[in-house]
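Notebook open, structure loaded. Today I want to look at how some helices pack and how one sheet is put together.

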Amino acid sequence: MKLLVVGGGGREHAIVKKLKESELCSEILCAPGNGGIAADARCVPVAATDIEGQVALAKQEKVDYVVVAPDDPLALGLVDRLAEAGIPAFGPNAAAARIEASKVFSKNLMKKYGIPTAEYEVFDEPAKALDYIRAKGKYPVVIKADGLALGKGVLICESEQAAKEALRQMMEEKVFGTSGSRVVVEEFLTGPEVSVLAFADGNTLKPMVSSMDHKRALDGDKGLNTGGMGTVAPNPYYTEQVAAVCQKTIFQPTMAAMAAEGCPFKGCLYFGLMLTPAGPRVIEYNCRFGDPETQVVLPLLQSDLLKIMLACTNGTLAETPVEFSAHSAACVILASGGYPEHYEKGKEISGLENGQLPGGEAVVYHAGTALKEGRLVTAGGRVLGVTATAPDLAAALKKAYAAADNISFEALHRRGDIGRRALEAVR
């Protein structure tokens with residue numbers, strides 16, 4: 001099969017590498033791809049959000065199957081447009097993608113179908129939102145932009161003043177564009193966070209191995225929120241008992257709720273969970289593979305990814321094997337200095353050959369890289385993800401950090417404590 005993967009980051013690189021292992025795969029295109037993905041797929045400079053361009057590319061190249069990885073093209077209806085053109089794709093249609101594209105839709109869905117989540121209210125006027133926050137008088141309080149905001153549309157406010165400022169930025173200054181025109185104000189939950197990705201075909205849902213993300217820019221979970229500075233899998237807090245509760249109270253009810261709403265979910269459904277003292281709660285849903293969770297989950301997948309994706313599209317997931325290794329995986333993100341705020345691009349990356357480390361002790365997933373006159377340079381905030389697998393988490397982390405030590409570029413920034421909380425939980 002000739003495949004097209006839509007997107008151009010570390011998640012897409014992990015998907016491309018895993019798809020290449022499939023016996024069904026003959027060729028992979030990636031649009032737009034990046035400097036490192038170019039070593040594994042033929043990259044075509046079509047933006048992920050250029051819906052017309054992506055459909056035209058799929059037709060022109062006579063692609064057999066399209067994998068739509070990022071949230072924006074899913075929310076914009078790329079899967080719907082491909083279906084109209086007779087091209088099957090992995091990912092939800094626009095109606096089902098609302099589970100991520102609209103926080104209001106997903107919170108109301110959970111309330112209607114009794115899926116456990118934080119207490120909340122929806123507002124389209126900053127003054128009314130602030131009145132509600134004052135009346136509750138409980139801090140910190142969480143304020144979320146309704147729409148997509150590159151993973152940055154969630155603000156945790158420690159005081160009334162901070163909440164007032166967050167509402168002003170979102171709703172009046174429009175720092176997230178129209179995504180912040182409506183907001184969700186919700187209670188702050190505490191407990192270990194867990195990410196669970198799951199394959200879904202509209203009826204059946206099969207969870208992948210759990211993972212733990214590290215969102216803050218600096219060690220000790222300090223600094224600004226980022227798209228993710230590193231991940232480990234499996235997440236030690238996600239025990240078999242917790243998994244059983246989630247399957248019964250969250251996963252299956254979500255699938256049933258989406259079907260009941262007339263928008264059955266097909267593709268990868270991401271559950272962002274908080275294990276509170278009162279039980280697991282949904283913090284957020286994503287309508288696609290997480291980034292950088294994918295970079296630790298897919299290396300542990302032992303089944304054929306393409307066969308699983310086709311089963312999600314065709315509704316045959318129930319009879320398709322989805323098996324994971326019992327090993328652990330760790331991913332350390334190498335970012336540009338200044339990320340997630342201001343950073344420079346175009347810094348030459350050294351230590352790699354054809355985008356990978358010699359020796360193959362770890363896999364390097366390219367997030368923000370470009371080829372400039374034959375040289376590999378930085379082209380984004382998150383530049384590379386270095387992933388290693390091993391029989392246990394401590395060994396995987398040791399391998400990932402040792403491998404990362406061999407890569408350098410000017411103003412490189414990374415966290416030195418990825419997986420520390422997970423290791424403490426194991427002990």
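I started with the crossing of helix 7 and helix 8, which is right-handed. I keep in mind that this is a predicted model. Helix 7 covers residues 126–136 and helix 8 covers residues 160–172; I found that their axes come within 10 Å and cross at roughly 160 degrees. Angles over 145 degrees count as roughly antiparallel, so I noted helix 7 as roughly antiparallel to helix 8.

Next I looked up who makes the contact. From helix 7 I listed Pro126, Ala129, Leu130, Ile133 and Arg134. Helix 8 brings Glu160, Ala163, Lys164, Leu167, Met171 and Glu172. Sorted by type, the residues of this contact come out as seven nonpolar and four charged, with no polar ones.

Then I turned to the sheet. It is open, has four strands in the order 11-10-16-17, and pairs antiparallel. Which strands sit at the edges? I wrote down strand 11 (205–207) and strand 17 (279–286), since each pairs on one side only. Direction ignored, neighbouring strands here are turned by 35 degrees against each other on average.

I zoomed in on one pair: strand 16 (residues 266–276) and strand 17 run antiparallel and share seven bridges. For Met274, I found the bridge partner in strand 17 to be Arg281.

Last, I checked what packs on the sheet. Helix 11 (residues 305–314) does, touching strand 10 (193–201) and strand 16. I noted about 65 degrees between the direction of helix 11 and that of strand 10.

Conventions: Residues numbered from 1 in each chain as written. Predicted model: local features only at pLDDT ≥ 70, side-chain atom pairs only at ≥ 80, totals over all residues. Heavy atoms only, no water. Axes fitted to C-alpha atoms, helices over the stretch in contact; angles between N-to-C directions. Helix = DSSP H or I, 4+ residues; strand = E, 2+ residues; numbered from the N terminus. Parallel < 35°, antiparallel > 145°, perpendicular 65-115°, else oblique. Left-handed = near helix turned anticlockwise from the far one by under 90°. Contact = heavy atoms within 4.5 Å. Nonpolar A, V, L, I, M, F, W, Y, C, P; charged D, E, K, R; others polar. Pairing = 2+ DSSP bridges.
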